[in-house]
Amino acid sequence: MNRRMRTYYYAVLGAIGGLIGWQVSDRLGLSFVTNLYLSELVVGSLIGLIIGTFIGITEGLLTQNLVQAAKSGAFSAMLGLVAGGIGLPLSEFLFQAVGAGWFGRALGWAIFGLLLGLAEGVVGKSQAWKGMLGGLIGGALGGILLEGAHTMLADPISGKAAGLVLLGASVGAFISLIVVLLSKAWLEVTSGKLKGTEFILDKFMRSGGPTVAIGSSPLKSEIVLPDPDIAPQHAMLSGDGARFSIKDMSLAGTFINGRKIERSPLANGQKIRMGNTEMVYHEKR
């Protein structure tokens with residue numbers, strides 16, 4: 001999935017998470033909690049857990065990597081649990097005790113979004129600060145939209161439902177959007193089963209940082225290409241702080257612009273072929 005559609009699906013999955021979070025919290029009622037802030041902590045944690053899960057699984061679903069989806073979803077769910085448990089009581093405290101109004105709500109949900117963005121940045125293939133910035137912006141905007149829905153819709157249940165859907169969509173969209181806008185290097189799949197998918201590589205750019213394996217096995221490679229002619233761990237990308245180089249690790253070979261290589265630096269626009277799959281390397285300067 002290309003980078004523009006990536007943001008769309010992050011928004012959609014975030015919105016679904018918000019809708020399910022509303023349904024679950026509404027059905028449970030949570031009336032056994034009498035203290036206002038404790039109630040907000042429980043409700044916020046539950047909503048954060050569900051929204052975090054749906055945002056977390058998005059990247060893995062888009063790239064058809066169920067291992068990554070499970071790993072990222074679980075990690076994002078845990079941070080979502082913490083984020084909601086902090087964000088909702090904080091926004092209520094700022095609203096009730098300090099009289100911060102909509103600003104207080106926005107700040108509380110901004111912290112919620114920031115922690116979800118941290119989860120996505122850590123598990124995904126982008127730098128953590130980009131996910132955190134996107135989550136911060138998305139959470140703040142989502143908090144304003146949530147309060148706006150509460151105010152504009154006469155039915156409080158409908159207002160809560162619409163607000164949580166908008167919150168989830170906003171957090172998901174901005175986590176993806178900021179990562180996309182600030183990305184410096186990515187691979188675009190131009191043929192094969194994942195045609196149109198783009199893998200962001202920024203997290204692996206720094207010198208001495210982690211390498212990224214490309215292959216057909218989700219257990220052995222970070223970038224997984226479902227192609228029977230690609231080895232489980234076919235090639236390795238490594239960064240030097242400015243650009244990437246690629247090293248072949250297969251018997252079938254890795255080809256750059258039609259030429260078989262053992263190891264080669266990558267330049268913007270070069271075509272990489274493994275098995276029946278072709279990719280184009282992009283970088284911004």
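Visitor: What is the strand order in the open sheet of five strands?
Guide: Quick ground rules: this is a predicted model, where local features need pLDDT of at least 70, side-chain atom pairs count only at pLDDT 80 or more, and totals for chains, interfaces and linings use all residues. Residues are numbered from 1 along each chain as its sequence is written, and side-chain values use heavy atoms, with hydrogens and water left out. Strands are DSSP runs (E, at least two residues; helices are H or I, at least four), numbered from the N terminus, and two strands pair if DSSP finds at least two bridges between them. The pairing in this open sheet is mixed, and the order is 4-3-5-6-9.

Visitor: Which strands sit at the edges of that sheet?
Guide: Look for strands that pair on one side only. Those are strand 4 (223-224) and strand 9 (263-265).

Visitor: Which residue in strand 4 stands opposite Gly215?
Guide: Strand 3 and strand 4 run parallel, joined by two bridges. Strand 3 covers residues 212-215, and the residue opposite Gly215 in strand 4 is Val224.

Visitor: Is Val212 buried or exposed?
Guide: Val212 belongs to strand 3. The cut-offs are under 20% relative accessible area for buried, over 50% for exposed, and partly exposed in between (1.4 Å probe, protein chains only). Val212 comes in at 0%, so the verdict is buried.

Visitor: How far apart are the C-alpha atoms of Val212 and Leu237?
Guide: Leu237 is one of the contacts of Val212 beyond four places in sequence, along with Phe204, Glu222, Ile223, Ala235 and Met236; contact means heavy atoms within 4.5 Å. Along the chain, Val212 and Leu237 are 25 residues apart. Their C-alpha separation is 5.1 Å.

Visitor: What is the average twist from one strand to the next in the open sheet of six strands?
Guide: That sheet has the order 2-1-11-10-7-8 and antiparallel pairing. Its edges are strand 2 (198-200) and strand 8 (259-261). For angles, axes are lines fitted to C-alpha atoms (for helices, over the stretch in contact), and values run from 0 to 180 degrees between N-to-C directions. The twist averages 30°.

Visitor: Why is strand 11 described as largely enclosed by the rest of the structure?
Guide: Strand 11 spans residues 277-283. Six bridges join it to strand 1 (residues 185-191), and four join it to strand 10. The enclosed label follows because, of its seven residues, the number buried is five.

Visitor: Which residue of strand 11 is the bridge partner of Arg273?
Guide: Strands 10 and 11 make a hairpin with two residues between them, and Gly275 in the turn has a positive phi of about 55°. Ser191 has Glu278 as its bridge partner in strand 11. For Arg273, the partner is Glu278.

Visitor: What distance does helix 3 reach from its first C-alpha to its last?
Guide: Helix 3 (residues 66-96) has 31 residues. The expected span is 1.5 Å times one less than the number of residues, giving 45 Å here. The model comes close to that, at 43 Å.

Visitor: Which residue caps the N-terminal end of helix 3?
Guide: Follow the backbone nitrogen of Val67 to a side-chain oxygen 3.2 Å away. That oxygen belongs to the cap, Asn65.

Visitor: What is the relative accessible area of Asn35?
Guide: Asn35 is in the loop between helix 1 (3-28) and helix 2 (36-62). It counts as partly exposed, because its relative accessible area is 42%.

Key. A polar contact is a pair of N or O atoms within 3.5 Å; within protein, one must be able to donate a hydrogen and the other to accept it, and residues adjacent in sequence count only if both atoms are side-chain atoms.
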